[in-house]
Every structure is written in structure tokens, then in C-alpha cells.
Amino acid sequence: MSLLTALARALAAETGRAQPIRTVRHVHLSDRPLVFVPLRLAGEACAPLAALVGDDPGNPVMLTVHEPRDRTQRFDFAAALAAVIVSYVDGYTMPEPALGTPYSDAPQLLVPNPQAIGFARLLGRSTRFRRTEGEFAVKESVPLLGRWLSFYSERSESPASALLVSMTAVLADHWATGQSAAEDANLAALLAWIAPAPGMTGAASARAAEDPIRFPPAGPTTDPSFDNEVLRTRVNAIRVAKATGDGEALLRARAATEAALRTQLEPTWELMWLGVDLLRGLSEGAHVADRWKSDRWAFTGHVARLREGGAPQPRRDGAVASAAKLARLERDQQRLDVQRAYDDPLVMAEYRLAGEAFAGAVADAWPDRVDTSGKRAKLRPWIVLETAERVMAAPGATVTCPDRPGQDAEIIDVTVAGRATRVTLQLSGGMGRSLVALPGSVPAVGEELTYTALRDGFEPVPRFPDREQTPWTHGGPPPEYVPAVDGEDAAEDLS
Amino acid sequence: MDSVESRLARVRGRTMPRRYDARTISALTANPGCARRALMDAAGIDKQKLAAHTGYPAPFGQSEFAITRGNAFEAQIKDNGAAQLLTLLREVLALDVTEAHYTDLNEVGGNADNELRHVYTKQRLTAPPGHRGTMFDHPLLRFTVAGRHAYLEPDLIAFQHRGQFHVIEIKSFAIVDGQADPAKVAAAAMQSAVYVLALSDLLGGNGQVHHETILVCPRDFSNEPTAAKIDVRRQLTVIRRQLSRIAHIEQLLDEYPDDLTFDLDPDEHQRPRRPAEELASAIRQVGASYDPQCLSTCELCYLCRDEAQGTTGALGKAVRADLGGIEYTRQALDLARGAVPTADREEAAVMLLQAAQLREQILGETV
């Protein structure tokens with residue numbers, strides 16, 4: 001939370017409409033993302049019930065499990081899902097990239113909410129160790145699906161990654177509604193504030209969207225009253241038809257179950273694509289492509305690992321892998337914070353309010369100033385920025401202007417004069433090699449600029465020991481991957 | 001002078017009282033400043049019915065699939081004198097349980113009277129070591145909330161090991177690769193902590209109840225149980241502190257007229273006949289302290305949320321704090337638009353004005 005976002009929420013509550021809190025989109029959006037809306041059986045860790053999936057808004061693939069507690073049907077569902085997801089992913093692995101470059105694009109998955117990411121993670125975990133031969137054999141595509149879902153859900157832990165995106169999270173990151181964050185977790189209610197029904201305020205629209213009959217929950221948990229009043233009878237009808245061997249009745253019962261589940265999925269499917277359209281309406285932030293490149297690299301790496309026959313992701317990360325991951329996540333977060341502020345004046349405004357950035361006009365400039373104190377003369381122009389904002393940075397600190405990222409500015413002096421503060425800055429870099437600055441490389445008098453101490457500087461990647469060198473203080477080297485034996489396989493699938 | 005009991009009975013009206021359980025107590029501790037909830041829970045009111053009758057049905061229910069699964073798992077654990085549980089305690093937790101003795105405290109000789117069951121529970125748990133057994137199914141504990149006794153019937157087993165009792169909580173959410181849904185684990189820890197407190201009360205509070213409780217859940221994607229120890233010391237502190245903040249019910253009752261009642265005036269089919277508006281105005285007499293968190297813990301949340309419209313708190317605690325603790329969105333926006341602040345709001349006003357100016361500057365729209 002922040003003051004600007006809180007103010008936007010208050011405004012939204014007053015006007016009855018969501019308010020923008022970003023000027024650009026900070027997340028990559030594919031031209032044809034794959035939307036995945038899963039449902040699971042209540043009370044079970046990961047028993048899929050149904051899903052709508054696909055990259056064509058008008059033509060989703062519907063998957064249903066008629067008996068969610070049946071192991072075979074569960075893995076049939078996984079195979080059917082694999083047919084959609086794995087072939088979608090495969091579509092991005094051609095043509096091969098040149099050596100030392102990533103694939104030119106990567107497949108992007110969109111799900112309704114963070115719980116759906118959790119479901120994908122568990123579905124990945126429950127399928128990636130399955131064996132494709134022997135007593136409990138599954139189709140070859142099932143463990144492959146598991147490895148892809150595991151890869152995607154793991155990548156989604158990084159705030160900078162856009163490979164697997166939760167719609168509620170990304171919408172709430174770009175718009176402030178007149179309701180609480182807890183209520184924003186409901187996709188229908190959140191979208192109602194951003195794009196209210198015709199003739200209604202966002203507030204009224206959101207209240208209507210809380211009715212689970214008209215707007216079923218976006219999953220993966222189903223509406224309990226749907227379970228108790230509809231699904232239970234449908235599932236019972238299937239069981240009875242099976243027990244009595246009535247083929248006709250079984251077909252009818254299955255069709256009825258599928259139709260009922262469809263009513264719970266379709267509204268969310270529509271909302272997902274509405275969300276996609278709204279996000280497309282925002283222009284992309286300048287650093288989004290840079291972060292997407294990291295995602296493309298990760299995708300390229302995973303494809304290579306699969307082709308090389310690498311082992312599936314372990315149940316839990318070893319000590320070295322965990323430490324490396326944590327370091328990477330911290331680095332990602334830091335880089336993301338800086339990039340978002342540089343790309344978006346509304347984000348930078350938060351830092352200005354906090355005194356970590358200041359904006360103002362150039363009041364004075366000494367563009368050809370040369371520092372001759374050292375062995376060699378150096379071009380070190382000075383400018384004086386006059387600002388009405390709080391300046392927390394002290395002389396000696398280095399600040400950067402987002403519009404001039406290649407140029408450092410050292411604070412020489414800060415003088416408060418009445419309501420204004422005059423900041424003297426010494427510039428270095430980005431002005432050419434001679435002792436005369438290239439035209440335009442030193443800000444001119446009157447130019448409006450923002451300077452901030454926030455910077456995405458180079459930081460060496462911390463070094464970690466090899467996996468085999470894990471010290472005994474951290475449990476020693478983790479065991480090698482061993483495929484599950486029959487007994488374990490069976491035990492896990494009883495539920 | 002009326003007794004507290006008879007006044008609470010009048011507040012409740014002609015419906016059967018609902019009992020506190022560990023869930024309602026831990027929910028109560030989530031919002032100890034809410035007089036409405038404190039009074040209704042003390043009177044044993046069916047808040048769900050109340051909410052539905054006033055046109056604000058509670059937004060939650062439980063799927064029968066989940067209930068069935070939960071019951072089946074609990075039954076499986078307790079089957080054969082909790083044989084599976086015992087193996088688990090030995091293997092997973094390396095506890096040297098030499099002798100297993102399973103005591104069912106569900107009823108006393110066919111009698112399920114609360115007081116009787118509580119006394120019997122106490123007798124069995126305080127018997128000399130050689131005679132008290134190791135596992136106790138459904139003990140009936142008593143707990144003091146807002147100066148009143150509440151009976152707690154945990155669907156758990158208090159388990160005795162080296163002279164100390166461990167509270168065991170059986171839940172049907174899965175622990176996959178040693179990890180489980182943090183929200184569910186947190187809720188389970190809170191409930192266990194309530195039981196620890198109640199059990200300590202019963203045993204005279206001399207440290208016989210261990211602060212490590214045992215959570216039993218299905219392992220991975222199977223029906224096989226697994227167990228984990230949970231240290232609930234932090235939860236114990238939270239609950240003790242929050243309970244001490246809940247006003248004593250006598251003092252609470254003193255603030256309201258003698259004839260205050262949430263009676264639904266049920267007909268012979270238990271259908272409420274009391275005019276909804278009249279009931280709603282009775283509810284409004286008792287102040288609530290709404291927080292968006294209530295949406296997942298309290299049956300009356302939609303009613304209170306409507307009442308809280310226009311407050312910054314309805315947008316969330318963090319939003320309220322960011323807006324300088326100002327109570328109403330209207331006031332905050334006035335200050336953002338340059339209204340002259342009162343002395344205590346000068347600092348907040350400066351920040352709001354600045355924020356509004358930045359927003360205008362960047363988006364080109366007036367706030």
C-alpha cells in the first residue's frame with residue numbers, strides 16, 4: 001500500500017469507478033496467451049474437477065472429470081490437459097534460436113487468481129514423477145505436463161516473471177477499486193469496478209458480482225452451494241447409473257454433470273478475456289521487454305533441460321538451490337522496483353512523496369565545466385535544479401534521472417531557500433568522449449527533470465558452492481533423483 | 001437486578017443457544033474490539049440466521065464433499081483405538097509411547113450432558129498417572145470468554161506423554177512435501193492454542209500442557225496420515241492478550257437498554273416472523289468494528305460492511321493508515337482538495353494535498 005494508491009481507492013469509492021494507479025502496463029502480455037481456468041473437488045488436495053483451457057476466446061477446450069476420486073480419470077484429465085498445454089508450449093520451440101540467444105517468444109499462461117497458480121503447482125507436483133510404464137503407468141504426456149506446470153509455477157514466484165500470471169493480481173496492480181484488497185481477490189467483483197455493467201456504478205456492479213449464482217467463484221474452489229445443491233446430485237446419478245449398468249443413463253448423467261460444470265466455468269472464461277482486453281488497452285512499460293527476455297531465457301533453458309533428459313524438479317529444493325533461488329528473487333524484486341519507477345511517473349511519484357526522488361526545473365547550468373584537479377582533465381558539468389519537493393539525499397550521494405539512465409549525478413549542494421530547494425548536481429557520463437559535451441547531453445535551463453537515488457546498479461551474483469559441495473552444515477549434498485517405486489506410486493494415488 | 005444469564009437469554013430470544021467452539025473463539029480474537037460480535041457470541045446467537053433474515057446472508061458455506069472427506073479422515077485416524085495415530089506418533093515424532101490406552105469421553109454412560117461430561121473429563125485427566133491412560137477422544141473442556149463459561153468440544157485427542165499433555169488436531173488438508181497451505185496451518189494453530197489454554201485451565205495451569213501441539217493431516221496426495229509439531233506459544237500470547245481486551249459481558253450489557261433483543265420470533269416451523277427492519281435496528285444499537293478481514297470470519301459481515309460504507313476502514317486497515325488515520329473517505333478527499341485541516345490533521349493534510357497534486361500533474365485530471 002501507499003498514499004497514492006490509498007488516495008486512488010478513496011477516489012474510486014467516491015466516483016464508483018476504479019481509478020488507474022499506473023500509466024503503463026508493467027507486465028508482458030502475449031498476442032495469444034493460453035488461458036487456463038481450473039476447478040477442483042472441495043476437500044481434496046488436488047483432485048481436478050473440470051477446466052476450460054485454450055488460446056482462442058471463442059473456442060475453449062472443456063475438460064471434465066466425472067468421478068474426481070477415481071485415479072484413472074484423474075490422469076486421463078492430466079493427459080487431456082497435456083494435449084492442450086504441451087502442444088501449445090511446443091508451438092514456441094520452433095525455429096531453434098541461434099547459439100547464445102533465447103527463443104524469440106515464449107508461451108504465456110494466464111489463470112484467474114493466485115489459488116489457481118497453487119493448483120497448477122500441485123497438479124504439476126502430482127504428475128511430474130509419474131512413470132510411463134509398469135503397474136501404474138500413465139501416458140507419456142502426463143509427467144511432461146507435470147514438469148511444465150512445475151516450471152511455470154516456480155517461475156511465478158518471481159515478481160518479475162510474466163510466464164504464468166494471475167489475472168486478479170495483475171489487474172489489482174494497475175487499478176485501484178473502491179473496495180478492500182480482500183474483495184479485490186474476487187475476479188468478477190474486481191472487474192466490475194474497472195468495467196461496470198452498462199448503466200451501473202462499479203460499486204453496484206461489484207455487489208451484484210458477489211452473487212455466486214450469477215457469478216460463480218473463479219475457482220479453483222467451487223461455490224459450496226453449487227456443490228451441495230447441484231454437483232452432488234449429478235455425481236450421484238453417475239454413480240447410480242454405473243452401479244446399475246445403465247449405459248443410457250450414464251451418458252445422460254455425464255452430459256448433465258458437464259453442463260452443470262460448464263455454467264461454473266464460462267463466466268470466468270469471459271472475464272479472463274475481458275481482463276486481457278483491458279490490459280491490452282495500456283501501453284507497455286519500457287522495461288517490460290527486458291524482463292520478458294529473462295523469461296524467454298528461462299523457457300529456453302527448460303526446453304534444453306527436457307531435451308537433455310534431465311531429472312524432474314525435486315520435491316524440495318536442496319540447500320544450494322534454495323539459497324541461489326532466494327538471491328535471485330531478491331535481485332528480481334529490487335530490479336523490478338527500480339524499473340517500474342523509471343517506466344512510470346505514477347510509481348516514481350511514490351518515491352517523490354517519500355523524499356527519495358525529486359522533480360523540478362533546471363534553474364542554472366554550467367555545461368562546459370571541466371574538473372582539472374586530477375591527472376587528467378575531466379568534463380564534469382554542473383546544473384542547479386530547483387524543486388518544491390522534499391529532498392532527502394545529502395551531498396555526496398549519487399542520483400539518476402530516469403530519462404538519462406546513462407548519466408550519474410552527484411549531489412554537490414542542497415540549499416533550502418524559502419519554499420524551494422536548490423540542488424546542485426555534478427554530471428558524469430553520457431556526454432561523449434571529448435571535453436565538450438555533445439549537444440543535448442547536458443540538461444538545459446528550464447528543462448523539467450526528476451532525479452532519484454533509486455538505481456539498478458550492477459551487483460555481482462553471489463557465489464554458491466556446487467550441489468555436490470553442499471556443506472555438512474546444510475545437510476550435505478542432496479540425494480540423487482530416484483524414480484518412485486511401485487509402492488510409493490500407489491500410496492500417493494489412493495485418494 | 002437481572003442476572004447476566006437471564007439478560008443474555010432475553011437478548012437471544014426464543015432460539016436454541018449456539019455454543020462457542022475453538023473456531024469462533026479464534027475468530028473473536030481476530031477482532032476483539034467488536035462489541036456486536038462479543039455480545040452475540042456470548043448470548044449464543046445464531047448469527048447466520050440473523051444475517052439471512054435481515055437480507056445479508058453470510059457469504060460462506062461448506063461443501064459436503066469437504067465435510068465428508070474431513071469426517072472420513074478423522075474416523076480413519078481414530079479407528080481401532082487410534083492405531084494409525086499411535087504408529088505415526090512413534091515413527092514420525094519419535095515419541096516413545098510404550099503403552100496406549102484409548103479413552104472415549106464422548107458421553108458418560110450414555111449421558112451427553114455438558115456439565116457431567118466436563119466433570120468426567122476432569123476426573124480422567126487428573127487421575128494418578130498409573131490410572132489415567134494416554135489418549136482421550138473428545139474431552140469436554142471449559143473456557144472463560146468475556147467472563148462467561150464456554151464449553152469446548154474439540155474433535156481432538158489430548159495425548160499424554162512423559163507427564164505432559166499434547167493437544168492433537170486432525171485436519172483433512174494435505175501436507176505435500178512437508179508443506180501445507182499457510183492460512184490453514186495458521187487457523188489450525190490458533191484453534192489448537194485455544195484448546196491448550198482450556199486444557200491448562202482444567203489441569204490447574206501448572207504447565208502440564210505442552211506448547212507444542214501435533215497436527216495430523218493427509219500426506220501428499222494420499223489418505224495416509226502424517227504429523228507435524230506446531231509450537232503455539234505465539235498464538236497463546238495473542239489469544240490471552242485479545243481475550244483480556246474483550247470487555248466483560250456485564251459491562252457490555254450495561255450499555256444497552258433492558259429490552260434489547262435479537263429474537264427472530266420463530267413460528268412453529270422455526271421460520272422467523274420478526275420484521276426485518278425492526279431486527280436490523282436492534283442490531284444497529286450495538287456498535288460493530290468492521291474490517292475487511294471480517295468477510296472471512298463473521299456471518300454478519302455483509303451487514304456491517306454496508307454500515308461501514310464511506311469509511312476508510314472499509315477499504316482496509318492499511319488504506320486507513322496510509323490516509324493518515326482519517327475516518328471517512330469524504331474527509332480525506334476534502335483535505336486532498338485543499339480543505340483547511342483541524343490542528344490534529346495538519347500533517348496528514350499536507351501529504352494528501354501533495355499526493356493529489358502529483359496525481360493531477362501526471363494524469364492531467366483534477367482529483
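How many of the 8 residues of helix H13 of chain B, residues 329-336, are buried? I will start there, and I should say at once that what we are looking at is a predicted model.

The answer is 6 of the 8, so helix H13 of chain B is largely enclosed by the rest of the structure. If you want to find those buried residues on the screen, they are B:Thr329, B:Gln331, B:Ala332, B:Leu333, B:Leu335 and B:Ala336. Their cover includes an element from each chain, namely helix H1 of chain A, residues 3-15, together with helix H14 of chain B, residues 346-363. After H13 of chain B comes B:Gly338, and the phi of this glycine is positive, near 105 degrees.

That brings me to the contact between the chains, where 42 residues of chain B meet 44 residues of chain A. On the chain B side, the elements that contribute two or more residues are helix H5, residues 64-91, helix H12, residues 317-322, and then H13 and H14. Of these, H14 of chain B provides the largest share, with 8 residues. As for the chemistry of the side of chain B that touches chain A, its residues divide into 22 nonpolar, 13 polar and 7 charged.

Let me now turn to chain A as a whole. Its secondary structure comes to 14 helices and 15 strands, and its C-alpha trace spans about 95 × 65 × 45 Å along the principal axes. Chain A has 495 residues, of which 42% are buried. If we take the contacts in chain A with a separation of 6 or more, 65% of them join residues that are 24 or more positions apart.

Within chain A, I would like to look at one helix pair in detail. Helix H2, residues 71-90, packs against helix H4, residues 141-155, at an angle of about 60 degrees, and the axes of the two helices are 8 Å apart. The crossing of H2 and H4 in chain A is left-handed. From H2 the contact draws on A:Phe75, A:Ala78, A:Ala79, A:Leu81, A:Ala82, A:Ala83, A:Ile85, A:Val86 and A:Val89, while H4 supplies A:Ser141, A:Val142, A:Leu144, A:Leu145 and A:Trp148. How do the residues of this contact divide by character, nonpolar, polar or charged? In the contact of H2 with H4 in chain A, 13 are nonpolar, 1 is polar and none is charged.

To return to the opening point, H13 of chain B has 6 of its 8 residues buried, and helix H1 of chain A is among the elements that cover them.

Key: Residues numbered from 1 in each chain as written. Chains lettered and ligands numbered in written order. Predicted model: local features only at pLDDT ≥ 70, side-chain atom pairs only at ≥ 80, totals over all residues. Axes fitted to C-alpha atoms, helices over the stretch in contact; angles between N-to-C directions. Helix = DSSP H or I, 4+ residues; strand = E, 2+ residues; numbered from the N terminus. Left-handed = near helix turned anticlockwise from the far one by under 90°. Contact = placed C-beta atoms within 7 Å. Nonpolar A, V, L, I, M, F, W, Y, C, P; charged D, E, K, R; others polar. Buried ≥ 20, exposed ≤ 12 C-beta atoms within 10 Å, placed from the backbone.
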